[in-house]
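Trainee: Please take me through the loops with unusual backbone geometry, and then set them against the rest of the fold and the contact between the chains. One connected account would suit me.

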Amino acid sequence: MDYMLDALRGPWPWYVAGPLIGLMVPLMLFIGNRSFGISNNLRHLCAITQPKQVEVDFFKYNWKEHTWSLVFVIGTALGGFLAGIVLADPLPVQVSPQTLAMFQSWGFAAPASQMVPPEIFSPTVRNLTLLFASGVLVGFGTRYAGGCTSGHAITGLSTLQLGSLYAVLGIFAGGLISSWLLVPWLLR
Amino acid sequence: MVAAIKRYLPYLLAGVMFGFVLVKGEAASWYRIQEMFHFQSFHMFGIMASAIVTGLVSVQIIGLLGRKHSLDGQAIEIPLKPSGKANYIYGGLTFGIGWGLIGLCPGPVFALAGMGSIGALAVLAGALHGTWLYGALKDKVPH
């Protein structure tokens, strides 16, 4: 029992986590002929909350047909709670030695947890502004591209779609720009 | 009520599984995302590659087994993305810049929100505004 709990607490190697993520594609098809993807929910949430006096056409549709998708992300949050709080792994993330040295050169402390650094995620005005602004890019970009990592990199590439390949190339290029230039520059 | 539970429970459970794996595989980790973009570990590349291969193979298997209907009786079809190029590249680029900064794509945003991260809620608030902004500017950006 203890052995099983320890295995569940993780961290899980890539060859366990990756295939389980990939299985979401056939699983969603099997459950209800759905395309696995997360960022559409941002659109549905806008459709739900859009005030009558603004009414952008893009958000005028019957979001109730997409309740299944909203239920899915409620499950995702619940899964995060179970994995990150209830069955939390007490050890910090084990990144490579070069990555540790890089964080140090950026002025970050060595990781004390698995997920996010307090230097960016502790709720100060500066951090919340940066997080909100980056969120705007994530929201705008995913809807512009019609999908995010799940919809394009996982579902799109595993069903051999050209548009998704373009999107993934764009996503990776954007990530390189941020990670090599903006993160060291903004957070110095 | 029973019908609604029966209809939506599979999605809830699939979502729980997804959120759980994102956290345990550390795909929701800012640290891992920076490590990936600097090519300093195979971990995230392994996750992405094995996820894509698993998706590809299992979708083929569904086809080979002749499974034609989902649990709720709909015909299974592989959903096709609309054709286009500029929107995929520019949209991907915009999203990627945000992702590289804060290390969270939309799935992990929800998983971290479930862990009670105020920062993740700030990202979610921003993402909703960004989504709305796209909806408002849709006809003014190249597609």
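Mentor: Helices here are DSSP runs of H or I with at least four residues, numbered from the N terminus. The model is a predicted one. With that numbering, P11(A) sits in the loop between α1 (2-9) and α2 (14-22) of chain A. The bond that leads into P11(A) from G10(A) is a cis peptide, its omega being near 5°. As a background to this and to what follows, most peptide bonds are trans, and most residues other than glycine have a negative phi.

Further along chain A, the loop between α3 (24-32) and α4 (40-49) holds N33(A). N33(A) is not a glycine, yet its phi is positive, at about 55°. With 18 other C-beta atoms within 10 Å, N33(A) counts as partly exposed, because being buried takes 20 or more.

Chain B offers a case of its own in F39(B), placed in the loop between α2 (30-37) and α3 (43-65) of that chain. F39(B), again a residue other than glycine, has a positive phi near 55°. Here 11 other C-beta atoms lie within 10 Å, and the limit for an exposed residue is 12 or fewer, so F39(B) is exposed.

Now the setting of the chain A loops. Chain A has 10 helices and zero strands. Its C-alpha trace spans about 50 × 45 × 35 Å along the principal axes. Of its 188 residues, 51% count as buried. Among the contacts in chain A with a separation of 6 or more, 53% join residues 24 or more positions apart.

Then the contact between the chains. It takes 110 residues from chain A and 105 residues from chain B. On the side of chain A that touches chain B, helix α10 (residues 162-186) gives the most, with 18 residues. That side of chain A divides into 70 nonpolar, 38 polar and two charged residues.

Last, the nonpolar core. The largest one has 95 residues, and those with the most contacts inside it are M24(A), V109(B), L112(B) and V123(B). Beyond its neighbours within four places in sequence, V123(B) is in contact with L131(A), S134(A), G135(A) and V138(A) from chain A, and with I102(B), L104(B) and V109(B) from chain B.

Note on methods:
Residues are numbered from 1 along each chain as its sequence is written. Chains are lettered from A and ligands numbered from 1 in the order in which they are written. This is a predicted model: local features need pLDDT of at least 70, side-chain atom pairs count only at pLDDT 80 or more; totals for chains, interfaces and linings use all residues. A nonpolar core is a set of buried Ala, Val, Leu, Ile, Met, Phe, Trp, Tyr and Cys residues joined through C-beta atoms within 7 Å. Two residues are in contact if their C-beta atoms, placed from the backbone, lie within 7 Å. Helices (H or I, at least four residues) and strands (E, at least two) are DSSP runs, numbered from the N terminus. Ala, Val, Leu, Ile, Met, Phe, Trp, Tyr, Cys and Pro count as nonpolar, Asp, Glu, Lys and Arg as charged, and the others, Gly among them, as polar.
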